[in-house]
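Here is a short set of exercises to work through with the model open beside you. Try each task before you read its solution.

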Amino acid sequence: MSSFAVPMLEVPELIAQSGGETLDLCYQCGTCSGTCPWNRVRNFRVRDIITRAQIGLEGYEGDDLWYCATCNACVDRCPRGVEIVDLIRTIRSIIAESGALPKTLRAVMGSVQSNGNPWSGDPANRTAWRKDCDAPNFDASRQYAYFTCCAQAYDPRNARVGRATLKVLAAAGISFGVLDGEKCCGDAVRKAGGESLFQGLAASNVALLDGVGARNVLVPSPHCLNTFSKEYPALGGNFEVKHVVQVLAKRVRSGALKMTREVAVTAIYHDPCYLGRHNGIYDEPREVLAAVPGLRLLEFGRNRAEAMCCGGGGGRLWMETPVDERFAVLKLREAVARGASMVVTACPYCISMFEDAKTALGLEGVTIADVTQAL
Ligand code: SF4
Ligand code: SF4
């Protein structure tokens, strides 16, 4: 991508009006840059992006602006309460409006626009992933409407996770039915700068859920969780939303879900950023895994709120990253060094990033699994 400049004196005001109200709070301490995981593998100064935004968005070069994986680690550390992820997405949306979007993201946005998903999947085949599952369709007699993440619908690795999830939900006695006609929740679209596209996706999904009378939504992806719970309410969405691990943990606690199958494996849990840091859900997946007979659970050196991102958020899932710069590669090396033969997580993006890391490192003996596959 070539360099570009958008010199507009009113840009700080535009950012403030578009969701980046905290831009003025930044006093340039640089804590965000020091926190950012990119600096373990390359030079990336998020503070510089904020500085340039404060003075009017000049001098963005290459794909720098699109490095941020929206992991929220810097937001947690900022002493001034700057909502850095909101700033990044707002600046991206302003730049994207000028047509300067990285090529791979242009293709992703195009697919979401025409197919309702980022994988160029045929919308008519959205339910094919579950054709052999004995899962009911949603109707208003059921408590939860299961919202299929696009990754589960179109990425074969995540479709396997989806099928395991439906089985576990049924075994746990949860009243649910699977929706039909969803579009991408729009999380990555919005974080990558596709604001107007996001608004259309949100309107479509809210209308779908309202139309079938769904009030409780069950999601397998922390990205859907975040979008439904924090972003859709401002756009007319009025739903209770839960991630799968939350309902499973509740069943484990009440004794309604008992695992009896021995799973003799040493596993390590990776905290997805959008489940952990963005939504504070750390205990539930661990509680479910702790109830699995024979499963020995390890932790990464940095875990929970300090966990390192897989690198797949904010549109990064679709962007090229050299192998040695991939966060999932660093984490997989650590997992193996700690003695784990299984990396467990609870996010479709993390599954994809770790599967790619496994392939890149040739670690055939390591299993990448969702919590529901480890039961
Ligand atoms: S940590 Fe906060 S105040 Fe410090 S440079 Fe980053 S955004 Fe600005
Ligand atoms: S959100 Fe994460 S990836 Fe983005 S700048 Fe902050 S620490 Fe870096």
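A residue is called buried if 20 or more other C-beta atoms lie within 10 Å of its own, exposed if 12 or fewer do, and partly exposed in between, with C-beta atoms placed from the backbone. Helices (H or I, at least four residues) and strands (E, at least two) are DSSP runs, numbered from the N terminus. This is a predicted model, in which local features need pLDDT of at least 70, side-chain atom pairs count only at pLDDT 80 or more, and totals for chains, interfaces and linings use all residues. Residues are numbered from 1 along each chain as its sequence is written, while chains are lettered from A and ligands numbered from 1 in the order in which they are written.

**Exercise 1. Confidence**

Task: find the average pLDDT of the chain, then find where the pLDDT is below 50.

Solution. Start with the score itself: pLDDT is the predictor's confidence in each residue, from 0 to 100. The chain averages 95, and 96% of the residues score at least 70. Next, look at residues 1-5, where the pLDDT is below 50. Beyond near neighbours in sequence, this stretch has nine contacts in the model, a contact being two residues whose C-beta atoms, placed from the backbone, lie within 7 Å.

**Exercise 2. A helix and its surroundings**

Task: decide how many residues of helix α11 (residues 222-231) are buried, and list what they pack against.

Solution. First, go through the helix residue by residue: Pro 222, His 223, Cys 224, Leu 225, Asn 226, Thr 227 and Phe 228 are buried. That makes seven of the 10 residues, so α11 is largely enclosed by the rest of the structure. Then follow the contacts outward: the buried residues pack against α9 (187-191), β3 (216-219), β4 (240-243) and α15 (348-361).

**Exercise 3. A helix with two sides**

Task: work out which residues of helix α13 (residues 283-290) are buried and which exposed residues sit on the face turned away from them.

Solution. Begin with the buried set, Glu 284, Pro 285, Val 288 and Leu 289. These cover an arc of only 130 degrees around the axis, which puts them on the same side of α13; the arc is that of the directions from the helix axis to the C-beta atoms. A general rule helps here: an α-helix has 3.6 residues a turn, so residues three or four places apart point the same way. Now turn to the opposite face, which carries the exposed residues Asp 283 and Ala 290. Finally, see what the buried side meets: α12 (244-254), β5 (265-269), β6 (295-299) and β7 (342-345). In α12, the buried residues are Val 244, Val 245, Val 247, Leu 248, Ala 249 and Val 252, and they pack against α8 (156-171), β3, β4 and α13.

**Exercise 4. Two ligand shells**

Task: which residues come nearest to ligand 1, and which to ligand 2?

Solution. Use this cut-off: a residue is near a molecule if its C-beta atom, placed from the backbone, lies within 6 Å of it. For ligand 1, there are 13 residues around it, and Cys 26, Cys 29, Thr 31, Cys 32 and Cys 78 come nearest. Both α2 (31-35) and α3 (46-55) supply at least two residues of that shell. For ligand 2, the nearest of 14 residues are Cys 36, Val 46, Cys 68, Cys 71 and Cys 74. Two or more residues of this shell come from each of α2, α4 (73-77) and α5.

Last, sort by type: Ala, Val, Leu, Ile, Met, Phe, Trp, Tyr, Cys and Pro count as nonpolar, Asp, Glu, Lys and Arg as charged, and the others, Gly among them, as polar. The shell around ligand 1 has eight nonpolar, three polar and two charged residues; the shell around ligand 2 has 11 nonpolar, three polar and no charged.

**Exercise 5. Two positive phi angles**

Task: compare Gln 28 and Asn 72: is each buried or exposed?

Solution. Place them first: Gln 28 is in the loop between α1 (11-17) and α2, and Asn 72 is in the loop between α3 and α4. Phi is near 65 degrees for Gln 28, a positive value in a residue other than glycine, and near 80 degrees for Asn 72. Now count neighbours: Gln 28 has 12 other C-beta atoms within 10 Å and is exposed, whereas Asn 72 has 21 and counts as buried.
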